[in-house]
Amino acid sequence: MLYTTKEELFNNIKGVIDIQKDGTVSIINKDALRTKTIDKIVYNAVFNSDSNLKDISRWLIWSASNALGNASSSIQSLYDAMGRREYKGFTVPAINIRGLTYDVARAVFCAAKKNNAAAIIFEIARSEIGYTGQRPAEYTAVVLAAAIREGHEYPVFIQGDHFQIILRKYQADKEAELATVKNLIKEAIDGGFYNIDVDTSTLVDLSKPDLAGQQRLNFELAAELTAYIRSLEPKGITISVGGEIGEVGKKNSTIEELRAFMDGYNATLKTKGSGLKGISKISVQTGTSHGGVVLPDGTIANVKLDFDTLKTLSNTAKDEYGMSGAVQHGASTLPADAFSKFPEADTAEVHLATEFQNMIYDNSAFPADFKKEIYELLKDKCRSEWKEGQTEEQFIYTTRKMGFGPFKQKFWDLPENIRAKIGQDLEDKFDFLFKKLNIVNSKEIIKNTIQPVPVKVALPTP
(Lines give C-alpha, C1' and ligand atoms only; values in the text may rest on other atoms or scores of the structure.)
Protein backbone atom coordinates (compact mmCIF):
# COMPACT_ATOMS: atom_id res chain seq x y z
CA MET A 1 0.00 0.00 0.00
CA LEU A 2 2.97 2.33 0.31
CA TYR A 3 3.90 4.72 -2.49
CA THR A 4 7.51 4.48 -3.60
CA THR A 5 7.63 7.58 -5.84
CA LYS A 6 5.79 10.85 -6.31
CA GLU A 7 4.74 9.69 -9.75
CA GLU A 8 3.05 6.63 -8.27
CA LEU A 9 1.21 8.82 -5.76
CA PHE A 10 -0.05 11.27 -8.39
CA ASN A 11 -1.03 8.45 -10.76
CA ASN A 12 -3.10 6.97 -7.95
CA ILE A 13 -5.19 10.15 -7.64
CA LYS A 14 -5.52 10.79 -11.39
CA GLY A 15 -9.17 11.27 -12.30
CA VAL A 16 -10.06 11.59 -8.62
CA ILE A 17 -8.29 14.72 -7.31
CA ASP A 18 -7.18 17.58 -9.53
CA ILE A 19 -4.28 19.82 -8.48
CA GLN A 20 -3.88 23.16 -10.22
CA LYS A 21 -0.51 24.85 -10.71
CA ASP A 22 -1.32 27.29 -7.88
CA GLY A 23 -1.92 24.36 -5.51
CA THR A 24 -5.72 24.60 -5.59
CA VAL A 25 -7.35 21.20 -5.17
CA SER A 26 -10.71 20.11 -6.57
CA ILE A 27 -12.46 16.76 -6.27
CA ILE A 28 -13.26 15.20 -9.65
CA ASN A 29 -14.74 11.91 -8.45
CA LYS A 30 -16.02 12.05 -4.88
CA ASP A 31 -17.20 8.43 -4.82
CA ALA A 32 -13.86 7.10 -6.04
CA LEU A 33 -12.04 9.20 -3.45
CA ARG A 34 -14.16 7.75 -0.67
CA THR A 35 -14.32 4.11 -1.74
CA LYS A 36 -10.97 3.52 -3.45
CA THR A 37 -8.36 6.22 -2.94
CA ILE A 38 -8.53 7.70 0.56
CA ASP A 39 -7.60 4.44 2.36
CA LYS A 40 -4.26 4.31 0.57
CA ILE A 41 -3.58 8.03 0.96
CA VAL A 42 -4.13 7.96 4.73
CA TYR A 43 -2.02 4.82 5.17
CA ASN A 44 0.85 6.66 3.49
CA ALA A 45 0.16 9.77 5.58
CA VAL A 46 0.97 7.67 8.63
CA PHE A 47 3.46 4.99 7.59
CA ASN A 48 5.42 6.05 4.50
CA SER A 49 9.11 6.18 5.42
CA ASP A 50 9.73 8.82 2.75
CA SER A 51 8.95 12.04 4.61
CA ASN A 52 8.11 13.89 1.38
CA LEU A 53 5.56 11.27 0.29
CA LYS A 54 4.14 11.26 3.80
CA ASP A 55 3.81 15.07 3.79
CA ILE A 56 2.20 15.13 0.34
CA SER A 57 -0.32 12.50 1.48
CA ARG A 58 -1.22 14.64 4.50
CA TRP A 59 -1.45 17.72 2.29
CA LEU A 60 -3.83 15.91 -0.07
CA ILE A 61 -6.13 14.96 2.83
CA TRP A 62 -6.07 18.50 4.24
CA SER A 63 -6.76 20.08 0.84
CA ALA A 64 -9.49 17.57 -0.06
CA SER A 65 -11.18 18.26 3.27
CA ASN A 66 -11.21 21.97 2.53
CA ALA A 67 -12.74 21.27 -0.87
CA LEU A 68 -15.43 18.99 0.58
CA GLY A 69 -16.56 21.29 3.41
CA ASN A 70 -15.20 19.27 6.31
CA ALA A 71 -12.25 21.50 7.13
CA SER A 72 -10.69 21.32 10.57
CA SER A 73 -12.50 24.07 12.51
CA SER A 74 -12.91 25.86 15.83
CA ILE A 75 -16.05 25.20 17.86
CA GLN A 76 -15.77 28.67 19.43
CA SER A 77 -18.87 30.27 17.88
CA LEU A 78 -21.10 27.39 19.02
CA TYR A 79 -19.71 27.72 22.54
CA ASP A 80 -20.29 31.47 22.43
CA ALA A 81 -23.93 30.78 21.53
CA MET A 82 -24.21 28.23 24.34
CA GLY A 83 -22.86 30.85 26.75
CA ARG A 84 -25.69 33.15 25.61
CA ARG A 85 -28.08 30.22 26.21
CA GLU A 86 -29.17 30.21 22.56
CA TYR A 87 -28.58 26.45 22.52
CA LYS A 88 -28.94 24.04 25.41
CA GLY A 89 -30.03 20.55 26.31
CA PHE A 90 -27.05 18.67 24.85
CA THR A 91 -23.46 17.87 25.80
CA VAL A 92 -20.65 17.79 23.23
CA PRO A 93 -18.66 14.53 23.36
CA ALA A 94 -14.88 14.95 23.12
CA ILE A 95 -13.46 11.59 22.05
CA ASN A 96 -9.82 10.62 22.66
CA ILE A 97 -8.56 8.02 20.18
CA ARG A 98 -5.39 6.21 21.18
CA GLY A 99 -5.17 3.43 18.62
CA LEU A 100 -6.80 2.05 15.47
CA THR A 101 -7.43 5.75 14.92
CA TYR A 102 -8.74 5.58 11.35
CA ASP A 103 -11.20 2.78 12.14
CA VAL A 104 -12.37 4.38 15.40
CA ALA A 105 -12.86 7.77 13.73
CA ARG A 106 -14.79 6.10 10.92
CA ALA A 107 -17.05 4.50 13.53
CA VAL A 108 -17.67 7.93 15.06
CA PHE A 109 -18.64 9.42 11.69
CA CYS A 110 -20.89 6.44 10.88
CA ALA A 111 -22.74 6.89 14.17
CA ALA A 112 -22.89 10.64 13.54
CA LYS A 113 -24.53 10.05 10.16
CA LYS A 114 -27.19 7.83 11.76
CA ASN A 115 -28.02 10.60 14.22
CA ASN A 116 -27.58 13.68 11.98
CA ALA A 117 -24.92 14.71 14.49
CA ALA A 118 -21.97 17.05 13.98
CA ALA A 119 -21.30 18.55 17.44
CA ILE A 120 -18.46 16.13 18.11
CA ILE A 121 -14.83 16.75 19.07
CA PHE A 122 -11.86 14.47 18.32
CA GLU A 123 -9.00 14.99 20.72
CA ILE A 124 -5.65 13.73 21.89
CA ALA A 125 -3.81 14.68 25.06
CA ARG A 126 -0.17 15.68 25.50
CA SER A 127 0.62 12.33 27.14
CA GLU A 128 -1.27 10.36 24.46
CA ILE A 129 0.62 12.10 21.65
CA GLY A 130 3.77 10.67 23.21
CA TYR A 131 2.90 7.08 24.04
CA THR A 132 0.70 6.44 20.98
CA GLY A 133 3.19 8.00 18.55
CA GLN A 134 0.59 10.32 16.98
CA ARG A 135 1.90 13.83 16.37
CA PRO A 136 -0.74 16.52 15.68
CA ALA A 137 -0.30 16.66 11.88
CA GLU A 138 -0.74 12.90 11.66
CA TYR A 139 -3.76 12.83 13.97
CA THR A 140 -5.49 15.57 11.97
CA ALA A 141 -4.81 13.80 8.68
CA VAL A 142 -6.27 10.54 9.96
CA VAL A 143 -9.42 12.09 11.42
CA LEU A 144 -10.04 14.18 8.29
CA ALA A 145 -9.47 11.12 6.10
CA ALA A 146 -12.08 9.24 8.13
CA ALA A 147 -14.51 12.12 7.59
CA ILE A 148 -13.90 11.92 3.84
CA ARG A 149 -14.28 8.13 3.87
CA GLU A 150 -17.68 8.28 5.55
CA GLY A 151 -19.03 11.29 3.65
CA HIS A 152 -19.14 13.69 6.62
CA GLU A 153 -19.34 17.07 4.89
CA TYR A 154 -19.48 19.28 7.97
CA PRO A 155 -16.74 21.05 9.95
CA VAL A 156 -14.51 18.70 11.93
CA PHE A 157 -13.41 19.71 15.43
CA ILE A 158 -9.96 18.52 16.50
CA GLN A 159 -8.69 19.34 19.97
CA GLY A 160 -5.51 19.26 21.99
CA ASP A 161 -6.57 17.78 25.32
CA HIS A 162 -4.69 18.32 28.59
CA PHE A 163 -1.88 20.42 27.14
CA GLN A 164 -0.60 20.20 30.63
CA ILE A 165 2.14 21.73 32.72
CA ILE A 166 3.71 18.74 34.47
CA LEU A 167 4.32 19.79 38.07
CA ARG A 168 7.59 17.91 38.72
CA LYS A 169 9.09 19.23 35.47
CA TYR A 170 7.90 22.76 36.23
CA GLN A 171 9.46 22.61 39.68
CA ALA A 172 12.75 21.40 38.17
CA ASP A 173 12.88 24.03 35.37
CA LYS A 174 9.97 26.45 34.97
CA GLU A 175 11.07 28.01 31.70
CA ALA A 176 11.88 24.70 30.04
CA GLU A 177 8.51 23.16 30.92
CA LEU A 178 6.60 26.24 29.77
CA ALA A 179 8.58 26.24 26.52
CA THR A 180 7.73 22.54 25.99
CA VAL A 181 4.01 23.26 26.25
CA LYS A 182 4.29 26.32 23.99
CA ASN A 183 6.19 24.30 21.39
CA LEU A 184 3.44 21.67 21.51
CA ILE A 185 0.78 24.37 21.10
CA LYS A 186 2.53 25.73 18.01
CA GLU A 187 2.94 22.26 16.52
CA ALA A 188 -0.73 21.54 17.19
CA ILE A 189 -2.00 24.77 15.59
CA ASP A 190 0.27 24.24 12.58
CA GLY A 191 -1.16 20.72 12.42
CA GLY A 192 -4.80 21.87 12.35
CA PHE A 193 -5.82 21.75 16.03
CA TYR A 194 -8.14 24.75 16.41
CA ASN A 195 -9.42 23.74 19.84
CA ILE A 196 -6.93 23.53 22.72
CA ASP A 197 -7.45 22.74 26.40
CA VAL A 198 -4.61 24.18 28.46
CA ASP A 199 -4.21 22.45 31.80
CA THR A 200 -2.31 24.36 34.43
CA SER A 201 -4.48 22.98 37.25
CA THR A 202 -1.49 20.84 38.28
CA LEU A 203 -0.07 24.05 39.77
CA VAL A 204 -2.97 24.67 42.17
CA ASP A 205 -1.46 24.92 45.65
CA LEU A 206 -4.00 23.98 48.33
CA SER A 207 -1.51 24.85 51.07
CA LYS A 208 -2.09 28.57 50.41
CA PRO A 209 -4.48 30.23 52.89
CA ASP A 210 -6.83 31.83 50.35
CA LEU A 211 -8.45 30.68 47.09
CA ALA A 212 -6.82 33.35 44.96
CA GLY A 213 -3.43 32.27 46.24
CA GLN A 214 -4.22 28.60 45.63
CA GLN A 215 -5.27 29.30 42.04
CA ARG A 216 -2.72 32.03 41.24
CA LEU A 217 -0.16 30.02 39.28
CA ASN A 218 -3.01 28.21 37.54
CA PHE A 219 -4.75 31.35 36.26
CA GLU A 220 -1.55 33.28 35.52
CA LEU A 221 -0.09 30.56 33.30
CA ALA A 222 -3.48 29.79 31.74
CA ALA A 223 -3.70 33.45 30.71
CA GLU A 224 -0.14 33.41 29.37
CA LEU A 225 -0.83 30.31 27.27
CA THR A 226 -4.12 31.77 26.03
CA ALA A 227 -2.32 34.90 24.83
CA TYR A 228 0.27 32.72 23.12
CA ILE A 229 -2.45 30.75 21.34
CA ARG A 230 -4.08 33.99 20.16
CA SER A 231 -0.76 35.10 18.66
CA LEU A 232 -0.64 31.98 16.48
CA GLU A 233 -4.23 31.83 15.19
CA PRO A 234 -4.70 31.49 11.42
CA LYS A 235 -6.53 34.41 9.86
CA GLY A 236 -10.26 34.23 10.46
CA ILE A 237 -10.08 31.56 13.17
CA THR A 238 -10.66 32.08 16.89
CA ILE A 239 -9.33 28.99 18.59
CA SER A 240 -11.54 27.59 21.34
CA VAL A 241 -9.43 27.49 24.51
CA GLY A 242 -10.36 25.59 27.65
CA GLY A 243 -9.10 26.06 31.20
CA GLU A 244 -9.17 23.82 34.26
CA ILE A 245 -9.66 24.55 37.95
CA GLY A 246 -9.45 21.09 39.52
CA GLU A 247 -7.07 18.28 38.66
CA VAL A 248 -8.93 15.13 37.63
CA GLY A 249 -8.89 12.52 40.38
CA LYS A 250 -8.34 15.09 43.15
CA LYS A 251 -10.86 16.91 45.36
CA ASN A 252 -14.14 18.16 43.92
CA SER A 253 -14.30 21.72 42.61
CA THR A 254 -16.36 24.52 44.16
CA ILE A 255 -18.06 27.68 42.90
CA GLU A 256 -15.66 29.73 44.99
CA GLU A 257 -12.68 28.13 43.26
CA LEU A 258 -14.25 28.75 39.86
CA ARG A 259 -14.73 32.45 40.67
CA ALA A 260 -11.22 32.79 42.11
CA PHE A 261 -9.76 31.26 38.96
CA MET A 262 -11.89 33.21 36.49
CA ASP A 263 -11.53 36.59 38.17
CA GLY A 264 -7.77 36.17 38.35
CA TYR A 265 -7.59 34.78 34.81
CA ASN A 266 -9.63 37.61 33.27
CA ALA A 267 -7.61 40.27 35.09
CA THR A 268 -4.32 38.66 34.03
CA LEU A 269 -5.41 38.22 30.41
CA LYS A 270 -6.15 41.94 30.14
CA THR A 271 -2.49 42.62 30.91
CA LYS A 272 -1.44 40.38 27.99
CA GLY A 273 -3.08 42.45 25.27
CA SER A 274 -6.14 44.46 24.38
CA GLY A 275 -9.36 42.59 23.63
CA LEU A 276 -7.95 39.06 23.86
CA LYS A 277 -10.66 36.39 23.80
CA GLY A 278 -10.73 34.29 26.94
CA ILE A 279 -11.54 30.65 27.52
CA SER A 280 -14.78 29.14 26.20
CA LYS A 281 -15.26 26.44 28.88
CA ILE A 282 -13.93 25.32 32.23
CA SER A 283 -12.95 21.79 33.26
CA VAL A 284 -13.94 20.84 36.80
CA GLN A 285 -13.55 17.86 39.11
CA THR A 286 -16.74 16.23 40.39
CA GLY A 287 -15.69 12.71 41.37
CA THR A 288 -14.22 10.92 38.35
CA SER A 289 -10.70 9.76 37.54
CA HIS A 290 -9.03 9.05 34.22
CA GLY A 291 -9.61 5.41 33.28
CA GLY A 292 -11.63 4.73 36.41
CA VAL A 293 -10.50 3.03 39.63
CA VAL A 294 -9.22 -0.47 38.85
CA LEU A 295 -10.12 -3.29 41.24
CA PRO A 296 -7.74 -6.25 41.86
CA ASP A 297 -9.58 -8.42 39.30
CA GLY A 298 -9.14 -5.74 36.61
CA THR A 299 -12.75 -4.51 36.68
CA ILE A 300 -13.72 -0.87 37.31
CA ALA A 301 -15.19 0.35 40.59
CA ASN A 302 -18.48 2.23 40.56
CA VAL A 303 -18.05 6.00 40.66
CA LYS A 304 -20.33 8.44 42.42
CA LEU A 305 -20.30 11.55 40.25
CA ASP A 306 -21.71 14.72 41.82
CA PHE A 307 -24.12 15.94 39.14
CA ASP A 308 -25.57 18.65 41.39
CA THR A 309 -22.14 20.24 41.78
CA LEU A 310 -21.52 19.85 38.04
CA LYS A 311 -24.76 21.65 37.21
CA THR A 312 -24.09 24.47 39.66
CA LEU A 313 -20.58 25.00 38.30
CA SER A 314 -21.77 24.88 34.69
CA ASN A 315 -24.52 27.43 35.28
CA THR A 316 -22.12 29.73 37.11
CA ALA A 317 -19.69 29.51 34.17
CA LYS A 318 -22.50 30.46 31.76
CA ASP A 319 -24.29 33.14 33.76
CA GLU A 320 -21.33 34.93 35.33
CA TYR A 321 -18.62 34.49 32.70
CA GLY A 322 -20.42 33.84 29.39
CA MET A 323 -18.75 30.48 28.84
CA SER A 324 -20.40 27.41 27.31
CA GLY A 325 -20.31 25.73 30.71
CA ALA A 326 -18.36 23.14 32.64
CA VAL A 327 -16.41 20.21 31.17
CA GLN A 328 -16.37 16.72 32.70
CA HIS A 329 -13.29 14.52 32.29
CA GLY A 330 -12.83 10.81 32.88
CA ALA A 331 -16.39 9.78 32.04
CA SER A 332 -16.17 6.97 29.49
CA THR A 333 -16.21 4.16 32.08
CA LEU A 334 -19.27 5.49 33.94
CA PRO A 335 -22.42 3.33 34.07
CA ALA A 336 -24.64 3.57 30.99
CA ASP A 337 -27.45 5.33 32.85
CA ALA A 338 -25.15 8.24 33.80
CA PHE A 339 -24.72 9.76 30.35
CA SER A 340 -28.21 11.23 29.96
CA LYS A 341 -27.55 13.20 33.15
CA PHE A 342 -24.86 15.34 31.52
CA PRO A 343 -27.29 17.34 29.33
CA GLU A 344 -29.63 17.60 32.32
CA ALA A 345 -26.75 19.13 34.29
CA ASP A 346 -26.06 21.69 31.50
CA THR A 347 -22.60 20.18 30.96
CA ALA A 348 -20.95 21.77 27.92
CA GLU A 349 -18.53 18.97 27.07
CA VAL A 350 -17.66 15.49 28.31
CA HIS A 351 -14.32 13.76 27.66
CA LEU A 352 -14.38 10.06 26.77
CA ALA A 353 -11.35 7.83 26.26
CA THR A 354 -10.58 4.65 28.15
CA GLU A 355 -13.76 2.69 27.37
CA PHE A 356 -13.02 2.80 23.63
CA GLN A 357 -9.53 1.45 24.28
CA ASN A 358 -11.11 -1.31 26.39
CA MET A 359 -13.54 -2.16 23.59
CA ILE A 360 -10.60 -2.75 21.24
CA TYR A 361 -8.52 -4.92 23.57
CA ASP A 362 -11.47 -6.86 24.99
CA ASN A 363 -13.32 -7.37 21.72
CA SER A 364 -14.13 -11.01 20.97
CA ALA A 365 -12.50 -10.62 17.55
CA PHE A 366 -9.19 -9.27 18.88
CA PRO A 367 -6.46 -11.88 18.22
CA ALA A 368 -5.34 -13.61 21.43
CA ASP A 369 -1.77 -14.03 20.21
CA PHE A 370 -1.46 -10.33 19.37
CA LYS A 371 -2.85 -9.37 22.77
CA LYS A 372 -0.35 -11.70 24.46
CA GLU A 373 2.50 -10.14 22.46
CA ILE A 374 1.47 -6.65 23.61
CA TYR A 375 1.08 -7.65 27.24
CA GLU A 376 4.46 -9.42 27.33
CA LEU A 377 6.13 -6.28 26.00
CA LEU A 378 4.38 -4.17 28.65
CA LYS A 379 5.49 -6.49 31.45
CA ASP A 380 9.06 -6.04 30.22
CA LYS A 381 9.20 -2.37 29.19
CA CYS A 382 6.81 -0.92 31.80
CA ARG A 383 7.84 -3.02 34.78
CA SER A 384 8.94 0.10 36.67
CA GLU A 385 5.29 1.22 36.65
CA TRP A 386 4.11 -1.98 38.37
CA LYS A 387 3.14 -0.55 41.76
CA GLU A 388 3.56 -2.46 44.96
CA GLY A 389 0.40 -4.40 45.77
CA GLN A 390 -0.97 -4.26 42.21
CA THR A 391 -2.27 -7.49 40.73
CA GLU A 392 -1.21 -8.38 37.20
CA GLU A 393 -4.73 -7.52 36.01
CA GLN A 394 -4.49 -4.03 37.53
CA PHE A 395 -1.03 -3.49 36.03
CA ILE A 396 -2.15 -4.57 32.55
CA TYR A 397 -5.28 -2.43 32.68
CA THR A 398 -3.36 0.71 33.64
CA THR A 399 -0.49 0.20 31.16
CA ARG A 400 -2.05 -1.36 28.05
CA LYS A 401 -2.63 2.09 26.58
CA MET A 402 1.16 2.04 26.10
CA GLY A 403 0.79 -0.76 23.57
CA PHE A 404 -0.70 1.44 20.87
CA GLY A 405 2.57 3.19 20.02
CA PRO A 406 4.98 0.27 19.54
CA PHE A 407 2.34 -1.75 17.69
CA LYS A 408 0.67 1.07 15.74
CA GLN A 409 1.22 -0.40 12.28
CA LYS A 410 0.29 -3.90 13.43
CA PHE A 411 -3.03 -2.53 14.73
CA TRP A 412 -3.67 -0.86 11.36
CA ASP A 413 -2.74 -4.07 9.53
CA LEU A 414 -5.20 -6.29 11.40
CA PRO A 415 -7.36 -8.27 8.95
CA GLU A 416 -10.38 -6.44 7.55
CA ASN A 417 -12.91 -8.74 9.24
CA ILE A 418 -11.39 -8.10 12.67
CA ARG A 419 -11.30 -4.34 12.20
CA ALA A 420 -14.88 -4.42 10.87
CA LYS A 421 -16.13 -6.26 13.98
CA ILE A 422 -14.35 -3.83 16.32
CA GLY A 423 -15.54 -0.88 14.26
CA GLN A 424 -19.18 -2.03 14.35
CA ASP A 425 -19.12 -2.50 18.12
CA LEU A 426 -17.63 0.96 18.53
CA GLU A 427 -20.18 2.44 16.15
CA ASP A 428 -22.97 0.96 18.29
CA LYS A 429 -21.37 2.48 21.39
CA PHE A 430 -21.07 5.91 19.79
CA ASP A 431 -24.67 5.66 18.58
CA PHE A 432 -25.74 5.03 22.18
CA LEU A 433 -23.64 7.89 23.56
CA PHE A 434 -24.79 10.42 20.96
CA LYS A 435 -28.41 9.70 21.82
CA LYS A 436 -27.79 9.91 25.57
CA LEU A 437 -25.83 13.16 25.20
CA ASN A 438 -28.65 14.47 22.99
CA ILE A 439 -26.53 15.60 20.04
CA VAL A 440 -29.03 14.05 17.62
CA ASN A 441 -29.79 16.50 14.76
CA SER A 442 -26.92 18.77 15.84
CA LYS A 443 -25.88 19.12 12.18
CA GLU A 444 -28.37 21.96 11.92
CA ILE A 445 -26.90 23.65 15.00
CA ILE A 446 -23.41 23.38 13.53
CA LYS A 447 -24.64 24.70 10.19
CA ASN A 448 -26.17 27.71 11.97
CA THR A 449 -23.19 28.53 14.20
CA ILE A 450 -19.96 27.43 12.49
CA GLN A 451 -18.60 28.99 9.32
CA PRO A 452 -15.61 26.86 8.29
CA VAL A 453 -12.47 28.80 7.42
CA PRO A 454 -10.36 26.60 5.12
CA VAL A 455 -6.68 27.13 5.88
CA LYS A 456 -4.61 26.67 2.74
CA VAL A 457 -1.14 25.19 3.05
CA ALA A 458 1.51 24.92 0.36
CA LEU A 459 2.16 21.65 -1.48
CA PRO A 460 5.28 20.11 0.17
CA THR A 461 8.45 20.04 -1.89
CA PRO A 462 11.51 17.84 -1.31
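Strand β6, residues 156-164, is largely enclosed by the rest of the structure, because eight of its nine residues are buried. The model described here is a predicted one, and β6 offers a convenient point of entry to it.

Three strands can be followed outward from β6. Strand β3, which covers residues 72-73, runs parallel to β6 and is joined to it by two bridges. Within this pairing, serine 73 has phenylalanine 157 of β6 as its bridge partner. Strand β5 also pairs with β6 in the parallel sense, here over five bridges. Phenylalanine 157 of β6 appears again in this pairing, standing opposite isoleucine 121. Strand β7, formed by residues 195-199, is likewise parallel to β6, and four bridges join the two. In that pairing, phenylalanine 163 is matched with valine 198 of β7.

A further set of pairings involves strand β11, residues 349-352. Its side chains alternate in direction: Glu349 and His351 point one way, Val350 and Leu352 point the other way, and all are buried. Strand β4, residues 92-96, runs parallel to β11 and is connected to it by four bridges. Here valine 92 has glutamate 349 of β11 as its bridge partner. Strand β10, residues 326-328, is parallel to β11 too, with two bridges between them. Valine 327 is the residue whose bridge partner in β11 is glutamate 349. Glutamate 349 thus serves as a bridge partner both to valine 92 and to valine 327.

The description now turns from strands to helices. Helix α3, residues 51-68, packs against helix α7, residues 136-149, at an angle of about 45°, and their axes lie 9 Å apart. That angle makes α3 oblique to α7. The crossing in which α3 passes α7 is left-handed. On the α3 side, the contact is made by Arg58, Ile61, Trp62, Ala64, Ser65 and Leu68. The α7 side contributes Ala137, Glu138, Thr140, Ala141, Leu144, Ala145 and Ile148. Sorted by class, the residues of this contact comprise nine nonpolar, two polar and two charged.

A second helix pair is formed by α11, residues 255-270, and α12, residues 307-321, whose axes come within 10 Å and cross at roughly 30°. Angles under 35 degrees count as roughly parallel, and α11 and α12 are therefore roughly parallel to each other. Their crossing is right-handed. From α11, the residues Ile255, Leu258, Arg259, Met262, Asp263 and Asn266 take part. They meet Thr312, Leu313, Thr316, Ala317, Glu320 and Tyr321 in α12. The residues of the contact between α11 and α12 divide into six nonpolar, three polar and three charged.

The remaining features concern asparagines in loops. Most residues other than glycine have a negative phi. Asparagine 438, by contrast, has a positive phi, near 65°. This residue belongs to the loop between α18, residues 416-436, and α19, residues 442-449. With a relative accessible area of 40%, asparagine 438 is partly exposed. Asparagine 441 lies in the loop between α18 and α19, and its phi is also positive, near 65°. Its relative accessible area of 46% makes asparagine 441 partly exposed.

Asparagine 441 also leads to another loop of the chain. Leaving aside residues up to four places away in sequence, asparagine 441 touches Asn115, Asn116 and Ala117. Of these, asparagine 115 is placed in the loop between α5, residues 101-114, and β5, residues 121-125. Asparagine 115 is buried, because its relative accessible area is 3% and the limit for that class is under 20%. Beyond residues up to four places away in sequence, asparagine 115 touches Asp431, Phe434, Lys435, Ile439, Val440 and Asn441. The contact between asparagine 115 and asparagine 441 therefore brings together a buried residue and a partly exposed one.

Asparagine 441 can finally be related to a residue elsewhere in the chain. The C-alpha atoms of asparagine 441 and isoleucine 19 are separated by 35 Å, and the two residues are 422 positions apart along the chain.

How values were computed:
Residues are numbered from 1 along each chain as its sequence is written. This is a predicted model: local features need pLDDT of at least 70, side-chain atom pairs count only at pLDDT 80 or more; totals for chains, interfaces and linings use all residues. Side-chain values use heavy atoms; hydrogens and water are left out. Axes are lines fitted to C-alpha atoms, for helices over the stretch in contact, and angles run from 0 to 180 degrees between N-to-C directions. Angles under 35 degrees count as roughly parallel, over 145 as roughly antiparallel, 65 to 115 as roughly perpendicular and the rest as oblique. A crossing is left-handed if the near helix is turned anticlockwise from the far one by less than a right angle, and right-handed if clockwise. Contact means heavy atoms within 4.5 Å. Ala, Val, Leu, Ile, Met, Phe, Trp, Tyr, Cys and Pro count as nonpolar, Asp, Glu, Lys and Arg as charged, and the others, Gly among them, as polar. Buried means under 20% relative accessible area, exposed over 50%, partly exposed in between (1.4 Å probe, protein chains only). Two strands pair if DSSP finds at least two bridges between them.
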